[in-house]
Amino acid sequence: MHCFITGVSGFIGSTTAKLLLARGHTVSGLTSNESAMEPLRTMGISPVLGDLRQPQKWISHLSNADAVIHLATLPIPARPGNRYVQDLNQVQQSVTRQMLTVLSPECKVFIYTSGISVYGNTPGNIDETSQINPCRIAVPYASGEKIALNAFKKEGRPVMVLRPAGVYGFGGVFGRFWAGPMIKGKRAVIPGNGKQLFSFIHIEDCANAYVRSVETPKPGEIFNISDDEPVPLGVMIRSLAAAMNAPSPFNIPPFLFNLMAGPIVGELLLNNKMASNLKMKEKLQAELKYPTYREGISALAKGVRNPDS
């Protein structure tokens, strides 16, 4: 199969592309990073340089795709505000609509990427039937979900929605706030008291769920993508620091964290974010290499100590 990925040079996109290539698929994809073009070609990916805000310049590349994975988003500023959320909302709605209109009749699946943050601070280990109540930064993804699923219901487009939990590894939000500083020998921060419960997913297991969705598509379905065990955020961060022999993280009171990262990021990281993975395991049959954070953190730390292993 040929798969087109928006955000192919990103954290999830590049890992998913590598796994697709390893399984014999071909991959092309959108990147806004000109310096990533040659490394992507070296990997065996056919890159398309373009801006998410200007889909008319790259959208024709979807026409020969058997599968499309929409991962790209607007670059997140250091302290995102309401203007960023508004811009992202407009872009997600416009791009999602336009991408869906150019899909080939032979396209088997269009995978829209959302996230468990669309549930907001809902108590309990929620599943895909739970009502969404998105925190502010997740509003654009909730809007995109609605457009994509309506295209399935009204036009028969082969849409799936994946809602990853907190994806951990050396990229994305996790890399920005925690893994990256630890590699540099810096003390990482713990938002608030660190007792807020989070569902996580190792980057390799997240990529595997995308590959499963490409190879065994389930149009019309929504899947939470998470591991088996929610964990207090502070435990997660301290465990990674200990495994990497990094300086001990320190807690930042909520009001200071909101001043530092902004209230929109504070809303995301200072509250519970949990989701059940039962449907992912039973219906998508996505197996977990790292069923909890313990196995995943051990693997990350080992990779830092022995990068060639």
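Two strands are taken to pair if DSSP finds at least two bridges between them. In this predicted model, strand 5 (residues 109-113) and strand 6 (residues 159-164) pair in the parallel sense, with 4 bridges. One of the residues involved is Ile111, whose bridge partner in strand 6 is Met160. Strand 6 is mostly covered, 6 of its 6 residues being buried. Its side chains point in two directions: Val159, Val161 and Arg163 one way, and Met160, Leu162 and Pro164 the other. The residues of both sets are buried.

Helix 1 spans residues 11-22 and has 12 residues. The distance from its first C-alpha to its last is 17 Å, close to the 16 Å expected at 1.5 Å a residue. The buried residues of this helix are Ile12, Gly13, Ser14, Thr16, Ala17 and Leu20. Their cover includes strand 1 (2-6), strand 2 (26-31), strand 4 (67-70) and strand 7, together with helix 2 (37-43) and helix 6 (203-215). After helix 1 comes Gly24, which has a positive phi, near 95°.

Positive phi values also occur at residues other than glycine. Asn245 is not a glycine, yet its phi is positive, at about 55°. This residue lies in the loop between helix 7 (233-243) and strand 13 (250-252). Asn245 has a relative accessibility of 68% and therefore counts as exposed, the cut-off for this class being over 50%. Gln285, likewise not a glycine, has a positive phi of about 55°. Gln285 is placed in the loop between helix 10 (278-284) and helix 11 (293-305).

Side chains of opposite charge can pair when their charged atoms come close. A search of the whole structure gives 12 salt bridges. Among them is the bridge between the side chains of Arg23 and Glu215, with an N to O distance of 2.7 Å. Arg23 is in the loop between helix 1 and strand 2, whereas Glu215 is in helix 6, so this pair ties together parts that are 192 residues apart in sequence. Glu215 is partly exposed, its relative accessible area being 24%.

A salt bridge within one helix is formed by the side chains of Glu38 and Arg41, at 3.4 Å from N to O. Both residues lie in helix 2, 3 residues apart, which is about one turn of the helix. Glu38 has a relative accessible area of 49% and is partly exposed; Arg41, at 43% relative accessibility, also counts as partly exposed.

Glu155 and Arg157 form a further salt bridge, in which the closest N and O atoms are 3.4 Å apart. Glu155 is exposed, with a relative accessible area of 54%, while Arg157 counts as partly exposed at 22% relative accessibility. Elsewhere, Glu221, Lys279 and Lys283 are joined into one network by salt bridges that share partners.

The surface also carries a nonpolar patch of about 250 Å², made by Phe170, Ile183 and Val304. Phe170 is located in the loop between strand 7 (166-168) and helix 5 (172-183). The relative accessible area of Phe170 is 37%, so this residue is partly exposed. Patch residues must have over 30% relative accessible area, a condition that the 37% of Phe170 meets.

How values were computed
Residues are numbered from 1 along each chain as its sequence is written. This is a predicted model: local features need pLDDT of at least 70, side-chain atom pairs count only at pLDDT 80 or more; totals for chains, interfaces and linings use all residues. Side-chain values use heavy atoms; hydrogens and water are left out. Patches are made of residues with over 30% relative accessible area and no salt bridge: like charges are joined within 9 Å, nonpolar side chains (Val, Leu, Ile, Met, Phe, Trp, Tyr) within 5 Å. Accessible areas come from the Shrake-Rupley method with a 1.4 Å probe; for residues, only the protein chains shown count as cover. A salt bridge is a side-chain nitrogen of Lys or Arg within 4 Å of a carboxyl oxygen of Asp or Glu. Buried means under 20% relative accessible area, exposed over 50%, partly exposed in between (1.4 Å probe, protein chains only). The expected span of a helix is 1.5 Å times one less than its number of residues. Contact means heavy atoms within 4.5 Å.
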